[in-house]
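Let's take a walk through this fold together, starting at the N-terminal end and finishing at the C-terminal one. Keep the model open and turn it as you read.

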Amino acid sequence: MRSSRLLSILLLLQTRRQLTARELADELEVSLRTIYRDVEALAAAGVPVYADQGRAGGYRLVEGYRTRLTGLTEQEAAALFLVGLPGAAAAFGLTAETSGAELKLLAALAPDQRDRAGRLKNRFHLDLPAWYQDAENSPHLAAVADAVLHDRRITVLYRRWEEPREVERVLAPYGLVLKNGSWYVVAATANGMRTYRVSNILELTPTEEEFERTEGFDLSRYWQEHLDQFDQVRFTAYAVLRVSARLVGRMHDVSFPQLVKAVAAAEPAEDGSVTVTLPIESVPNAAAAFCRFGDAVEVLEPPELRTELARLGRTLSDLYS
């Protein structure tokens, strides 16, 4: 523990040039007395650290001194891809490792490179959850990530959409995917590769049983194929819509990507309206989606979707009249 702290002090002084004892204590969450002892230990070990006196003083390293002790631990290396994702790092239980890895990376850079890295960190921020949505609570994410990293099977109690709602599954987790603020685990099961939403895992039991990965498995390629297959299953029919000129003119404000794309590719009629064809999941789902546009969108086909929209209209009219 102390050796790790001594290295952290050394790297902090190398990256920030000068720090007071109080700043070091706050950074490392230790007492001032501990910092004094640690700095003395560094000096006794031959590290050229000295203290500038006065109000603007602090601990410094002799100009030009650079340590080569920047080797990353296994956990810090695993945390590198999360340096820009503090929320994900916290969910994985890697906050400290991420900070340590970032500090070691900065220490390994030349001063001009370090300044550029600092500007990039402070001027770009990645916020993954969609608007009007909170990040999902996934209490078992760290355990799933640990199983992924060590190729160990897990037993989970999973909540799904169809009956029976709660099922037990034994998973060989190949990888984790973060999409729109939600984590998904891609896992091998007795029935082949499957994808599970981590927030729907109700209970998780880790095991010591290791599994062998399929040679050549590519997580990103699998995920793209999964999305393509999901769309094929999800969209069961098509709807033909007439979009009014009024809505066409406001398409840049519409948060309905498929409609926006279809309208952009359509040829306007004389009155400025456009007719487009969109894939739909189901009649009830499509009716609920198109309702929000009011009379700016008219469904031309299929007839059952027109009937469902008319029914919804009557229901709303009865409710509010």
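Glu23 has a relative accessibility of 39%, so it counts as partly exposed; the cut-offs here are under 20% for buried and over 50% for exposed. Keep in mind as you look around that this is a predicted model. Glu23 belongs to helix H2, which covers residues 21-28. Its C-alpha lies 9.9 Å from that of Ile35, although 12 residues separate Glu23 and Ile35 in sequence.

Ile35 brings us to the neighbouring element, helix H3, made of residues 32-44. The axes of H2 and H3 come within 9 Å and cross at roughly 105°. Angles of 65 to 115 degrees count as roughly perpendicular, and therefore H2 and H3 are described in that way. Which residues make the contact between H2 and H3? On the H2 side they are Ala21, Arg22, Leu24, Ala25 and Leu28, and on the H3 side Leu32, Ile35 and Tyr36. Sorted by class, the residues of this contact are seven nonpolar, no polar and one charged.

Just before this pair comes helix H1, residues 2-16, where you will find Leu10. Is Leu10 buried or exposed? With a relative accessibility of 4%, Leu10 is buried, because the limit for that label is under 20%. Leu10 and Val39 are 29 residues apart in sequence, and their C-alpha atoms are 9.0 Å apart in space.

Now step back to the chain as a whole. It has 13 helices and 11 strands, and 34% of its 321 residues count as buried. Among contacts with a separation of 6 or more, 59% join residues 24 or more positions apart.

In soluble globular proteins, nonpolar side chains tend to be buried together. Here, the largest nonpolar core holds 23 residues, and Leu241, Val243, Leu247, Leu259, Val276 and Phe290 have the most contacts inside it. Two or more residues of this core come from each of strand S9 (237-243), helix H11 (257-265), strand S10 (274-280), helix H12 (283-291) and strand S11 (297-301). S10 gives the most, with four residues. Apart from this core lies another, of 19 residues, including Ile154, Val156, Tyr158 and Val167.

Leu241 makes a good viewpoint inside the largest core. Leaving aside neighbours within four places in sequence, Leu241 is in contact with Leu259, Val274, Thr275, Val276, Leu278, Phe290, Val297, Glu298 and Val299.

From Phe290 we can move on to the way H12 packs against helix H13. The axes of H12 and H13 come within 9 Å and cross at roughly 55°, which means that H12 is oblique to H13. The crossing is right-handed. H12 contributes Val283, Ala286, Ala287, Phe290 and Cys291 to the contact, while H13 contributes Glu304, Leu305, Glu308, Leu309 and Leu312. By class, this contact of H12 with H13 has eight nonpolar, no polar and two charged residues.

One of those residues, Glu308, deserves a last look. Glu308 sits in H13, which spans residues 303-320. How does its accessibility place it, as buried or exposed? Glu308 has a relative accessible area of 18%, so it is buried, the limit being under 20%. Not counting residues up to four places away in sequence, Glu308 touches Val283 and Ala287, and both of these belong to the H12 side of the contact.

Terms used:
Residues are numbered from 1 along each chain as its sequence is written. This is a predicted model: local features need pLDDT of at least 70, side-chain atom pairs count only at pLDDT 80 or more; totals for chains, interfaces and linings use all residues. Side-chain values use heavy atoms; hydrogens and water are left out. A nonpolar core is a set of buried Ala, Val, Leu, Ile, Met, Phe, Trp, Tyr and Cys residues joined through side-chain atoms within 4.5 Å. Buried means under 20% relative accessible area, exposed over 50%, partly exposed in between (1.4 Å probe, protein chains only). Contact means heavy atoms within 4.5 Å. Axes are lines fitted to C-alpha atoms, for helices over the stretch in contact, and angles run from 0 to 180 degrees between N-to-C directions. Angles under 35 degrees count as roughly parallel, over 145 as roughly antiparallel, 65 to 115 as roughly perpendicular and the rest as oblique. A crossing is left-handed if the near helix is turned anticlockwise from the far one by less than a right angle, and right-handed if clockwise. Ala, Val, Leu, Ile, Met, Phe, Trp, Tyr, Cys and Pro count as nonpolar, Asp, Glu, Lys and Arg as charged, and the others, Gly among them, as polar.
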